[in-house]
Structures are given as structure tokens and as C-alpha cells.
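Q: Could you take me through one part of this protein up close? I'd like to know what is tucked away there and what sits around it.

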Amino acid sequence: MSVWNKKVISKDELEKFRSKYGLDSLSASIMLRRGITQGKDILYFMEDDLRFQHSPFSFNSMEDAVDRILDAQEEKEKVLIFGDRDVDGVSATTVLYECLCGLGIDVQYRLPQGNDAYGLSTEAVDDFASLGGTLIITVDCGISNIAEIQHAQEIGIDVIVTDHHNPPENLPPSTIILDPKLPDSGYPFQDISGCAVVYKLVSALRFAKSEWYKQDVCLLDAREEDSLVRIECIKIRNMVPCAAKLSLLAGSGESITSTRLPSYLSGQAILVWDAGTVRSLLKQAFGSSAEFNLVDIREHCAKYFPSIANLPLGKIKTMSKIAKYGNHEPTEIGGFYNIFVTYTQTDFRKKFPGCAQAEERDMQLVALAALADIMPMKNENRLFENNAIAAINAGRVRPGLIDLMARLNMLGRRVNATDLSWVVVSHLNAAGRLGHPELAAELFLSKDEKQRDSVAQKIMELNNQRKQLSQDAWTYAGIQAKTSIPSHNGKLCVVIDERLNRGVNGILAGRLVATYNIPAIAVTFVEKNAIGSMRSCRGVDVTKFLAKMGDIFINYGGHSAAGGFSFEREKLPIFEERLKELSVTLELSESKTDTFNVDAEIPPSFLTPDLLKISDRFEPFGEENGELLFLARGLPVLDGIIMGKGEKQHLKITVGNGSFKWPALFWNEAERLHRDFEIGDTVDILFNVQRNWFNGVESPQLILHDIKKSIC
């Protein structure tokens, strides 16, 4: 018997929360039930402006990475981008390759081919060295390639690592590393894709064109406070605060040399809002002998934001959206910082419009990568997805993607993250899984429309092959998978079969997880090595689990939910024995497959197409942000039919609320009709609300998750 769980929220709690953040009652109740209660999280559900993404210079090593690449540009060095075979790796390779080509750098890229192992190889390093190469940039890999990077350094090749995988205990020495999962990376959000890390690097390279790149700037504000002068300053470099804020009260004949102000301002360009007023207040505080070289930024900001030209910072601070979602009262210096960053970004886009256009193209690949690597749909990942999807739905689809979407009949209608994930990403991944990631790269990089169309067709053919291989793998795995569970203490499902294609190991492991609701491993063999994939659920950390067998692996890595590994074939008995031993130690969180957590109950009279607007606000759906699950009670079943052929059939019913009739689909649950309810009965339903696209017409529909006959 399934459990429908709807968390109780008090009216007082709801009203305070709704009022604080300016939310409608339904959205507020959904957020409270989902635990989205902090302003910094709510921001990414309510705002889509890219202003709210994190600065690339939050990475502590970003300036070093930019300078090393600019040195390569100036010295006309040869640069190699080494990527990965999946959508994330190919997208990251594409974004960086296009950027470096635009800088006039002599750049090439290399992706693992055929049965090549994951990650940078010594062979690739030596091949590049033979061409006179001096800089390798890894994308979506590299963090675990210690030996290969040391080899590169020994023969005079520098390496920049851009990755997002969990780092090992030991890191490549003397290497510039950009990985948000490094404890000291400085980046405020860990869960971005490898392509997003590259996008940050590319954004920083573009910013290097700005007059503000590497400029030490201090924003200063002064105002009267209790007959004294409150002075606040904040140092920034590359638009990121680089020192603690300074705040002091001065006056009554105090000498400026007795304060920290001179040392704090030393070597800085001092920017103020309304220089006349600030200069007068500083004179009031320290006397006329204290000299300040102030630059009034207000008139520059007024070019783009004329409505704030004559407003004091005390007023501007209350207008900041960032302050609205902050945990503290807005401050004048905080408002100054926000408006200054917004000004510099706006000014940069005006001066370099090509960069803004390139950013939009890049964003579409960043969005695909996030979906492909199952990044959580929170924080700035939501900005990436929403901006990319908005551009695609507006018809501004990047080259390569538009060619594939045309082949898939996806143009001319609204798409969402689910469409991109299930259709586009699955096709692109097929190329890498079957050993041809170069096709996906060629699709995105080719300037020839006919060639791109031809490549798109090849990718579709590869996807058909992948489907067949996946079906074959399931056939091979069926009996072995089920019988492996008891021998692994009921906590792990393991399939080891030479007939598996390495390209579908991950797909098979994922399907096993979905079937048995426990972590799963799929292993096949390529020549003298075993190649495996692991997928997780119920709180098991894949990389931590694999690390316990690190001594027998050639290499391994991944995320908390998914990973890959390889080992010498002769070590298979050791591997199998270790799995049995380690399975005892697995701690699985409670399974909740029969529990439905309801986001909101919708009275029948409110069950109208307007509900789609609420659903749209919570898009994109995906990892850690599932589709909204609504509950409605007392709906009459107006009609019902069985659809589909084969073993599992689907149910389509029509429910009404008196003014609107909803088609409702229940996948693989045809037997519920005549067993649990009849046409004409009144039912309670759990559902998602979606748009259906058929023959060029869009219409709303419900997707059912459970149904019960109403209790009168």
C-alpha cells in the first residue's frame, strides 16, 4: 500500500515565508515542503539573470590559469586540449577549443578513441611532445592523472587541469588545477559539470580583455553616524572581494594615520559614489590635510542605469535583488559592490558584443553537460539550464545542436530540460559510448552545414546501435544480476560478462539500480583489462567505495553517484572477493519507493492550465529537483482507455473539475482500471502537470503516479 505524505505547514509559517521573499502562496508552500528555505537557494528559483552566477575568479587558481594561457598566446605555443568521450567531456572540449581558436592560439584537441582508457595518457603526452607542444589543458579529467602529468612536466610540458570529479588524496604537483571539489578551490558551489568549469575559464579569458582585469580596486563609502563619519571599504580584484571589509568610525580630530585606512587603501584605485559628498565627509573626519584620490563611478553607472543616477547608496542598497535574498540586512557598501559588478558586466557586454553571443552558444553546451552528468538542478545550474533553454526556444540554437534537433524533429516547439536529457543527450552520448566521440565534437565544431547534417545522421545511427547493445546487455545480465544480490549481502548487484559492450556498462548499471533499488556494478573486458561502471542509490558514495579497492585498480574516479574503474584481468578473483567483503560494510539509507512526498494539494476548482505557470517556475527538473507532485481529491473519471501493445500496457483516463477536462496518462498501469476504480467513479490522484506536443499542437496533460478511489 503506497503512502501519500503531505508535510503540514502552518498558516503563520507560510505567510511569514511568503511575505519575506515576495512569493505566491502555492510556490511558497512547495518550497517549504521541499526544504528550500534559505534566501541563497530561493534566489535560483526566482531569478534567471546570469548576473547571479558565481564569478570565475572565485576559483583561487583562475588568474594563474588565465595568465598561463595568455602567455601561450603571446609566445605562439602549441596547446593541446585533452577531453573525455562523454557529452560533458566533448562539450567542454568544444567550448575551450572555440575560445582558444578565437584568441589565435595554435590549438588542437584529443579525445579517447575506441577502447582508449579514461583520462590523460602517457601516449597522448608523448605524441604532443613530438609536435613541439608545451601546454596541455585537460577538461573533464586530469585530477587523478598524477603519473601522466609528472611525465609531461619532466619533458617540459605544462599542464592545466580543469575537472569536476572528486579529487584523490594526492594531487598532481606543481599544476594549476580548477576543480570545485578541491577543499581549497575557493569556488562556492561544488556541483557543476566539467563543461561548466571550462565555461568559467573561458569567461575569465574573455574578462581579461577588460580594463578591470587584475586591477586592484577599493570601493569606499562614507556617511554620517552619531556626529561621526562611518567609513566602509571593500577591496576587489577581478570583481571578487579579496580582503575582509574595513569599517571604522572617525572624527573629533582623529588622525588618519591612527587608523587602518592608509594601509588598506595603499596601491588601490579608490572608487566612490558621489565624490563631492564623500570628499566632504572625509575632510570632516580627518581634516583638510588628508588627501584622497577618488574616482566617482556614479556617472559611469548612470549611462546604463539612469534611474539610480541621483540616488544615494542608502536607497540603492534596498533595491538589490542579491540583498533581498541575503541573510543579513543590506549595507551601503554591499549595494555599492553589487551595482559596480553589474555595471562592469553591462559595460563589458556593450564593448565586446561578440563575447555575449559566444557565451550564449557556450551556455547551451553547459546545459547539455549538466543534464548528461546528472548535476543537481540547484544553484547556478538552474541559471545555465534556464538561459540555454530560453535561447533554444527563441530559435537561437547553436550550430551542431540545431542540426541534430532538426533530425530529431525537435525544432519549432517548446523544449525543456527533460526533452534535452532524454532525447538530445542520449543521442550525443551514443557517439562516445561506441568509441566515436570525435563525431559529437565534429558536429559542434564544423563550419559546414552539410557536414554537420551528415554527422547528425551518423549519430542517430549510433544511437540505434546503442539501443540494441543495451537490450542485449540486459538479456545477458538478467539471471546473473538477480543471483548476485544474495552473495553480496543484499546490498549490491554485480554483473561481470565478456559479452557486454563497455559503452553500455553505465546504462546497464543504472538500469539495475532502477530495478533492484541497490547500488550496481557492470564489468566487461577489453583485451587484458577489465572495464567497469558503478551507479549508486540510497546514500552510497561511489568514489569512496571504489577508493577502498584503489590498490587493485589501474585507474578509477567519478562522482558520488556514478563512477568508473579498470583493473588487470588477472586480478578478477581478487576484485570479486573484495566486492563481497566490502558489501558487508555498505550502509543503505531507507528505501522509500512506496512513499510519495506531495508538494501541494490542489482543490479541484484550481486544477486549470494555470498550474503550468507554477510548474514552469520550478523548471528545470532533474537531479535533486524532481517534477512537482500534486494531489487532487474528488475528481470524476469521465473516460478511460487502454493504450499500447505488449506485456505492459498504459492507461489513459479523463478527469474533470466541472470547467476543464484533463487527459491523464498512467504508464504501465493499465490493470488499475476495473481493479481499483471504474469509469464514473470519483478518484484522488497524484500527478505531474506537463505539456503534450502532438501534430504541431501543444496541450496540457497530467502524468499520474498513483490513483485511489475517493472515500466519501
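What follows is a walk through one helix, the hairpin beside it in the list of its neighbours, and one loop residue.

A: Keep in mind that this is a predicted model. Let's start with helix α23, which takes in residues 572-583. With twelve residues at 1.5 Å each, α23 should span 16 Å, and its end C-alpha atoms are indeed 16 Å apart, so the two agree. Now for what is hidden: Leu572, Phe575, Arg578, Leu579, Leu582 and Ser583 of α23 are buried. They cover an arc of only 130° around the axis, which means they lie on the same side of α23. That spacing makes sense, because an α-helix has 3.6 residues a turn and residues three or four places apart point the same way.

So what covers those buried residues of α23? The cover includes β13 (493-496), β14 (520-526), α22 (542-547) and β17.

Strand β17 deserves a look of its own. It covers residues 562-568 and runs antiparallel to β16 (residues 555-558), with four bridges joining the two. A hairpin of three residues links β16 to β17, and glycine 558 stands opposite glycine 563 in β17.

One last stop is leucine 673, in the loop between β22 (661-666) and β23 (682-694). Is leucine 673 buried or exposed? Its relative accessible area is 7%, under the 20% cut-off, so leucine 673 counts as buried. Leaving aside neighbours within four places in sequence, leucine 673 is in contact with Gly640, Ile642, Leu651, Glu678 and Ile679.

Note on methods: Residues numbered from 1 in each chain as written. Predicted model: local features only at pLDDT ≥ 70, side-chain atom pairs only at ≥ 80, totals over all residues. Heavy atoms only, no water. Pairing = 2+ DSSP bridges. Buried < 20%, exposed > 50% of the residue type's maximum accessible area, 1.4 Å probe, protein only. Contact = heavy atoms within 4.5 Å. Expected span 1.5 Å × (residues − 1). Arc of directions from axis to C-beta.
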